[in-house]
Amino acid sequence: MTTVTLTATATCTAGAAEVVSGTPEKPGLPQPVNRRMLAERAGFLTTLVQQLASWLLASVWTDQHLDQLASGVDAEGRRLPSKGWMALRRLGWIPLIPAGLRVPDRVLRAAGEETARALRLALHRRAVTTAIVASWPADPRRRTTDDWVLLRRHLPAGTDNATIRNRTRQIASFAARHGRLPDGFTELETPPTIPAQVLLAAADRQLVRVERLDGNRARVWVQLPTVPAPASYRDWAWHDIIVPLPPTVAPTAKLCTPTLRPRDGKVRLDLPFDTTVEAAPLAGHTRAIGADWGYNTLLTAVVAEPGPDGTVVCSGRALRFDAAGVSRKLDRLRAHRETLKTKITHLERLAAGRHSGLDPASTAKLDLLREEHQRVCARIRNLGRALAWSGARWLIDQAHAAGATVVYLEDLTCMEAPGSSKAWNRRLSNATRGVLADAVRHLGMREQVAVVTVPARGTSSGCPRCGNRLRHVQAPDNHKPANPWALCACGHSADRDFSAAQRIAARGLAGQHRTTRNRAGQASVRQTVDVPVQRAKTPTPRPAMRPAASRDKQRPTPSRPRRPARRTQGFSPAALATAGSRPAPTRAVQRPAGRTPQNPTVQVPGTTRSHTFSSNHTRTRHRVRWAVLGRGFHHHVNSTPLLQRAGPHGGETPGTHRIAQEN
Ligand SMILES: [Zn+2]
């Protein structure tokens with residue numbers, strides 16, 4: 001068993017703080033510093049670093065400088081160090097300290113690191129831009145097949161379609177304004193804004209120190225300026241800050257140097273911490289989960305096992321994570337963002353066209369629109385991230401519940417489907433899908449579930465049973481060409497995503513002996529091996545009334561004739577107890593809308609985390625829709641609940657979930 005170091009970041013808020021004269025080794029008399037003053041002083045340091053870094057970035061923002069950094073060697077041909085600030089120093093790019101200021105060298109390092117990160121990100125954007133300019137099509141709105149081939153030859157590996165589209169639009173708008181293509185990247189883009197933060201990791205013990213006080217507190221020593229423009233070293237002082245740690249930071253985790261981020265009158269610290277975990281094995285899995293980024297739902301998964309004669313046996317039950325409500329909310333927010341952007345562009349054009357600028361009312365309106373635009377962007381980002389983490393948590397929980405030791409996913413970087421991007425984007429943006437994949441990997445690593453990507457090509461177009469090309473139709477009884485349903489001549493008929501999930505699981509299990517890890521530790525199966533998928537025998541006997549003709553679904557299930565619903569006034573255990581005259585129901589009955597008094601609690605043994613679920617829907621034959629009790633969008637998520645299964649990992653072994661029913 002190999003061990004790996006897992007790094008995560010906890011966002012903390014600074015608690016009580018003291019300022020000391022002298023050093024942490026020989027502290028003088030401590031004086032308490034209130035929260036406002038601490039935030040103010042952290043703000044001085046942040047502004048200082050931001051100014052130094054912005055100045056340095058502007059002075060090297062030319063294509064010649066970027067070429068020099070991209071070459072990876074200095075003037076004498078030696079390789080540049082991997083640390084950003086060191087590489088810039090080797091090239092002779094050092095922040096200039098304004099006259100009259102006294103700034104420790106470690107602060108200059110932090111500023112250099114900010115600049116280096118901005119420049120390295122710019123190098124990637126520049127490579128994409130250069131490739132698009134070099135293969136500029138006759139009609140930028142519609143590339144021909146030859147155009148795509150030419151473009152892919154120039155592009156860096158792993159560039160997604162959204163990036164290509166956005167960069168193409170940016171260059172097209174430059175061409176429309178200037179009547180020519182840009183000469184270089186720096187002509188197309190101005191230097192990016194340096195974020196308001198201090199990367200203390202670039203400094204050393206002379207500026208910052210971190211130690212753990214106890215299980216839930218850390219102590220951070222950092223030198224902060226006591227005035228906005230420190231003129232001597234007397235204007236710098238050591239601050240001793242107590243940082244409460246969130247429960248996600250295990251007592252055994254090793255704390256690293258934080259990033260300082262003063263905001264809204266508080267001092268935030270992004271504190272990375274390392275945990276050593278045992279890596280899940282890559283091969284030898286006997287039960288797996290295959291998951292597809294859905295067309296019909298966000299995630300559709302299936303439980304699979306290796307079968308006889310090299311086949312794979314899949315469960316007939318689809319596990320679904322659907323957040324249609326959140327997706328629609330994201331759609332509405334994106335539309336709102338576009339409207340705001342249009343209004344802002346309009347006012348900016350008006351301002352540029354007038355010598356006297358805008359009148360005060362329009363200026364105020366423009367400021368308001370910009371602020372609202374930023375807020376909407378942040379909301380989209382946060383909601384997408386929350387959705388991604390929630391989906392990842394659900395997937396890993398399903399793996400535990402099913403006793404699966406591996407989760408197979410499609411490889412995002414080889415997903416290229418020109419033309420079909422609209423349908424994808426409606427459900428999940430590329431960024432959100434990337435966060436989800438990373439989150440699944442992180443949680444899997446922490447909880448000993450291997451997360452492996454398989455090639456994406458042909459997962460939804462090929463039949464999982466026979467491998468022939470599938471026909472995509474509207475529904476099993478409506479053969480109009482559309483996306484939701486998949487049909488095959490061999491008799492396979494299934495939901496499109498469920499069909500794809502089966503193929504992904506089969507591809508993973510069949511190729512598990514060829515699973516490799518890349519340098520970043522991400523596991524993948526590179527070679528496509530498709531094996532026939534069999535459907536598992538249903539363990540429960542079918543009711544005698546049901547015609548046992550065909551097990552395959554050829555048409556929608558006809559709805560049962562319903563009795564007229566009886567109205568119930570309220571629904572609570574107390575109300576049921578008092579309604580003594582009514583006989584107790586002997587079979588499943590339809591529950592009135594609203595919350596149920598039953599709250600099954602799902603607990604992961606060995607952790608303190610627990611989810612409370614509240615069943616919020618009627619129990620259907622194979623599928624129960626649940627809504628997670630709580631605030632926010634969880635109300636809008638429909639997902640397959642965790643069910644206890646008898647299996648190799650069933651029962652109460654570590655790493656599985658137990659469902660406790662409280663009545
Ligand atoms: Zn088939």
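The expected span of a helix is 1.5 Å times one less than its number of residues. In this predicted model, helix H9 covers residues 360-402, 43 residues in total, and should therefore span 63 Å; its end C-alpha atoms lie 63 Å apart, in agreement with that value. Just after H9, glycine 403 adopts a positive phi of about 75°.

The protein chain as a whole contains 13 helices and 28 strands. Of its 663 residues, 43% are buried. Among contacts with a separation of 6 or more, 67% are between residues 24 or more positions apart. The chain exposes about 36,600 Å², and 52% of this area comes from carbon and sulfur atoms.

One open sheet has five strands in the order S3-S2-S7-S6-S5, with antiparallel pairing. Strands S3 and S5 stand at the edges with a single partner strand each, so one side of each has no neighbour in the sheet. From one strand to the next, the twist averages 30°.

Residue ranges for elements of this region are as follows.

| Element | Residues |
|---|---|
| Strand S2 | 17-20 |
| Strand S3 | 31-33 |
| Helix H1 | 35-59 |
| Strand S5 | 208-214 |
| Strand S6 | 217-225 |
| Strand S7 | 236-244 |

Strands S6 and S7 run antiparallel and are joined by nine bridges. Valine 222 stands opposite histidine 239 of S7. Helix H1 packs on the sheet and touches S2, S3, S6 and S7. The direction of H1 makes about 60° with that of S6.

How values were computed. Residues numbered from 1 in each chain as written. Predicted model: local features only at pLDDT ≥ 70, side-chain atom pairs only at ≥ 80, totals over all residues. Heavy atoms only, no water. Helix = DSSP H or I, 4+ residues; strand = E, 2+ residues; numbered from the N terminus. Buried < 20%, exposed > 50% of the residue type's maximum accessible area, 1.4 Å probe, protein only. Contact = heavy atoms within 4.5 Å. Areas by Shrake-Rupley, 256 points an atom, 1.4 Å probe, with all protein chains shown as cover. Pairing = 2+ DSSP bridges. Axes fitted to C-alpha atoms, helices over the stretch in contact; angles between N-to-C directions.
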